[in-house]
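User: Hi! I'm new to reading protein structures, and I'd love some help with this one. Could you walk me through it?

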Amino acid sequence: MVSRANQNRIVTGAHYGLMDWLAQRVTAAVMAVYMVLLAAVLIVAAPQDYAAWKAIFTQPVFRIATLLFLLSLYWHAWIGMRDIFMDYIHPVAIRLTLQIGVILSLVVYTIWSVQILWG
Amino acid sequence: MQKKRPKYLNLIKIKLPLPGVVSIGHRVSGVLLFFPGIPLLLYGLHLMLGTPQSFDLLKAVFSNAFVKLVLLGGIWLLMHHFCAGLRYLALDLHWGIALKQARASSYAVLAGGAVLTGIIGVLIW
């Protein structure tokens with residue numbers, strides 16, 4: 001509920017905080033669902049050889065679900081790593097370098113993921 | 001007004017409350033899952049789905065008991081991070097924010113991570 005005193009208050013800031021907070025939780029939920037389903041598949045019928053694994057991973061639904069899982073992982077990892085850098089790494093130059101390193105590695109991981117899944 | 005207060009920041013001697021242990025465990029496991037976790041996961045997937053030869057190589061690597069132990073360490077990090085994450089989602093929904101429940105759920109997270117790791121360990125051995 002908005003109190004009377006806050007009704008005309010103009011909230012300033014970059015506004016990415018809530019979005020990141022929400023993204024961290026939504027990506028976590030996506031990963032949790034994927035992992036539980038994957039665990040169920042592995043318990044019911046664990047593939048034993050290369051052909052069986054390949055057969056699972058070439059199913060379109062499974063490919064897309066896995067890519068969704070990995071993209072969620074990368075987004076989730078970015079927010080988490082950034083939060084940790086903001087808390088513990090105070091010199092701006094070092095923090096920025098680390099953050100750029102994380103972003104670049106996640107971009108590379110994304111390209112690699114697509115190559116693995118569709119290769 | 002400056003008061004002289006005793007600062008007691010000896011990290012060895014500070015005893016974290018249980019939710020604090022879960023919290024720092026969530027952070028440390030998160031960092032380790034990011035690195036080396038993600039690149040190792042992708043390299044494993046790459047070998048598993050690459051060629052029959054690379055699949056056999058991966059299988060040979062994981063038949064080593066030491067490698068299995070390291071994998072189990074990684075799985076423990078993941079299971080702790082998973083359970084602690086579920087707890088934070090519950091706290092976001094204002095479930096279990098009273099001290100007593102928060103302590104109990106912290107204990108459940110620590111136990112849950114260890115038990116799940118134990119179950120997976122039995123399954124992969």
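User: Let's start with H3 in chain B. How many residues does this helix have, and how far does it reach?

Analyst: Happy to help! One thing to keep in mind is that this is a predicted model. Helix H3 of chain B runs over residues 65–92, which makes 28 residues. From its first C-alpha to its last it reaches 40 Å, close to the 40 Å expected at 1.5 Å a residue.

User: Nice. Which residues of H3(B) are buried?

Analyst: Here they are: Lys68(B), Leu72(B), Ile75(B), Met79(B), His80(B), His81(B), Cys83(B), Ala84(B) and Arg87(B).

User: And what do those buried residues pack against?

Analyst: Within chain B, the buried residues of H3(B) pack against helix H1 (18–49), helix H2 (52–62) and helix H4 (99–124). They also pack against H3 of chain A.

User: You mentioned H2 of chain B. What about Ala60(B), is it buried, partly exposed or exposed?

Analyst: Ala60(B) is located in helix H2 of chain B. It counts as partly exposed because its relative accessible area is 46%, and that class lies between the 20% limit for buried and the 50% limit for exposed.

User: How far apart are Ala60(B) and Ile24(B)?

Analyst: Along the sequence, 36 residues separate Ala60(B) and Ile24(B). In space, the two are 35 Å apart, C-alpha to C-alpha.

User: OK, switching to chain A. How many helices and strands does it have?

Analyst: Chain A has 4 helices and 0 strands. Following the sequence, you would write its pattern as α-α-α-α.

User: What share of chain A is buried?

Analyst: Of the 119 residues in chain A, 31% are buried. As for surface, chain A exposes about 7,900 Å², and 73% of that comes from carbon and sulfur atoms.

User: And the contacts in there? What part is between residues 24 or more positions apart?

Analyst: If you take the contacts in chain A with a separation of 6 or more, residues 24 or more positions apart account for 71% of them.

User: Can we zoom in on one residue? Why does Gln99(A) get its burial class?

Analyst: Sure! Gln99(A), in helix H4 of chain A, counts as buried because its relative accessible area is 13%, and the cut-off for buried is under 20%.

User: Which residues does Gln99(A) touch, ignoring its close sequence neighbours?

Analyst: Leaving out neighbours within four places in sequence, Gln99(A) is in contact with Trp78(A), Arg82(A), Phe85(A) and Met86(A).

User: Now for empty spaces. How many cavities of 30 Å³ or more does the whole structure have?

Analyst: A search of the whole structure turns up 1 cavity of that size. The largest cavity has a volume of about 40 Å³.

User: What lines the largest cavity?

Analyst: From chain A, the lining includes Lys54(A), Phe57(A), Thr58(A), Ile116(A), Leu117(A) and Gly119(A), and Leu49(B) lines it too. By class, there are 4 nonpolar, 2 polar and 1 charged residues. Helix H2 (50–57) and helix H4 (92–118) of chain A each supply at least two of the lining residues.

User: And the second largest pocket, how much space is in it?

Analyst: About 200 Å³. Its lining has 10 nonpolar residues, with no polar and no charged ones. Among them are Tyr34(A), Leu37(A), Ile56(A) and Phe62(A).

User: Which helix gives the most to that pocket's lining?

Analyst: H1(A) does, with 6 residues. Helix H1 (16–44) and helix H3 (60–88) of chain A each supply at least two residues there.

Methods. Residues numbered from 1 in each chain as written. Chains lettered and ligands numbered in written order. Predicted model: local features only at pLDDT ≥ 70, side-chain atom pairs only at ≥ 80, totals over all residues. Heavy atoms only, no water. Buried < 20%, exposed > 50% of the residue type's maximum accessible area, 1.4 Å probe, protein only. Contact = heavy atoms within 4.5 Å. Areas by Shrake-Rupley, 256 points an atom, 1.4 Å probe, with all protein chains shown as cover. 1 Å grid on protein atoms, 1.4 Å probe; cavity = no way out; pocket = protein on both sides within 12 Å on 5 of 7 lines; lining within 4 Å. Points joined across faces, edges and corners; volume = space filled by probe spheres on them. Nonpolar A, V, L, I, M, F, W, Y, C, P; charged D, E, K, R; others polar. Expected span 1.5 Å × (residues − 1).
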